[in-house]
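Welcome to this structure! Please have a look at the model below, and then read on for a few friendly notes.

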Amino acid sequence: MRYILGSGSPRRKELLGLILPEFEVIASRYDEHTLDRTGLSPEAIVKKLALEKAREVFSRMEGEVCVIGGDTIVLSPDGEIMGKPASEEDAHRMLRELSGKTHAVLSGTAVCLRKGEVCTEEVFSVRTEVSFYPLSESEILRYLQTGEPFDKAGSYGIQGKGGLFVREISGDYNNVVGLPAAALAHALVGMGAIEEILPPDGSGRKG
C-alpha cells in the first residue's frame, strides 16, 4: 500500500508522521479557486476542497493507494472566512479582528483509498475554538515583522510565535496547526487503510 499526503504543507507532513512512519508527499494540482462556493457553509467548503485535492492526486495513481487531502480555514468572530493574507495590511486587519475574541478554525480532511479493486472515500471536518488575548498595536507590528503570518490562514501560526497570543483553545490543537491527526488516525483504521493507530514496534503498516 502506498500512502500519499496530497499537500505540500510542512505542518501537515509533520502531523501525518505521527500516524504513518512512511509516506510520500505529492502536492495536489487542484485549483481551489475553481470551486463554486455559492450556498456552501464553511464546513462544506473545507470538506469539498479537501476531497477535490485528494481526488486529483488519487486520479494519477495506480494500484493500492491511500491519498490524504486537507484544507484549513479560519473563521473570524463575525463568521468571515479568513484565508492567507494578501498583504501586510490584510494581515494587520485580520490580527486586529482576532484580538481579544474567540474565533473558529475548521479543517477538512479527505481520504481516497483503493484496496484491490475497491475504491472508497471518506471526508470530514473538525472545528476548534481559539481565544486570543487582547493584542496591542506594537505586538501586532512586531509579529508582522517576523514574517510568520504571511503563509497562514488567519495570519497566525499557533505552533510558532503566534501561539503567544492564544489564551485558550477548545478542541483539537493539531486541527489548528492544519491536520486533525487523532480523527484522521481513527478514520484510517475504520476504512481498513491501517490496522491500528499505534503499531507495536512503531514502524511499518499493513494495508
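The points below go through one pair of helices and how the two meet.

1. Before anything else, please keep in mind that this is a predicted model.

2. A good place to start is the pair formed by helix α3, residues 88-98, and helix α4, residues 137-146. Two packed helices are described by the angle between their axes and by the distance between those axes. Here the angle is about 135°, and the axes lie 10 Å apart. Oblique angles include those over 115 and up to 145 degrees, so α3 is oblique to α4. The crossing of the two helices is right-handed.

3. Which residues make the contact between α3 and α4? From α3 come E88, A91, H92, L95 and R96, and they meet E137, I140, L141, Y143 and L144 of α4. Sorted by class, this contact has six nonpolar residues, three charged ones and one polar one.

4. Now turn to α4 itself, where I140, Y143 and L144 are buried. Looking down the axis of α4, you will find its buried residues within an arc of 100°, so they line one face of the helix. These buried residues pack against α3.

5. What about the other side of α4: are R142 and Q145 buried or exposed? Both R142 and Q145 are exposed there.

6. Finally, take a look at what comes after α4: the helix is followed by G147, which has a positive phi, near 80°.

Key. Residues numbered from 1 in each chain as written. Predicted model: local features only at pLDDT ≥ 70, side-chain atom pairs only at ≥ 80, totals over all residues. Heavy atoms only, no water. Axes fitted to C-alpha atoms, helices over the stretch in contact; angles between N-to-C directions. Helix = DSSP H or I, 4+ residues; strand = E, 2+ residues; numbered from the N terminus. Parallel < 35°, antiparallel > 145°, perpendicular 65-115°, else oblique. Left-handed = near helix turned anticlockwise from the far one by under 90°. Contact = heavy atoms within 4.5 Å. Nonpolar A, V, L, I, M, F, W, Y, C, P; charged D, E, K, R; others polar. Buried < 20%, exposed > 50% of the residue type's maximum accessible area, 1.4 Å probe, protein only. Arc of directions from axis to C-beta.
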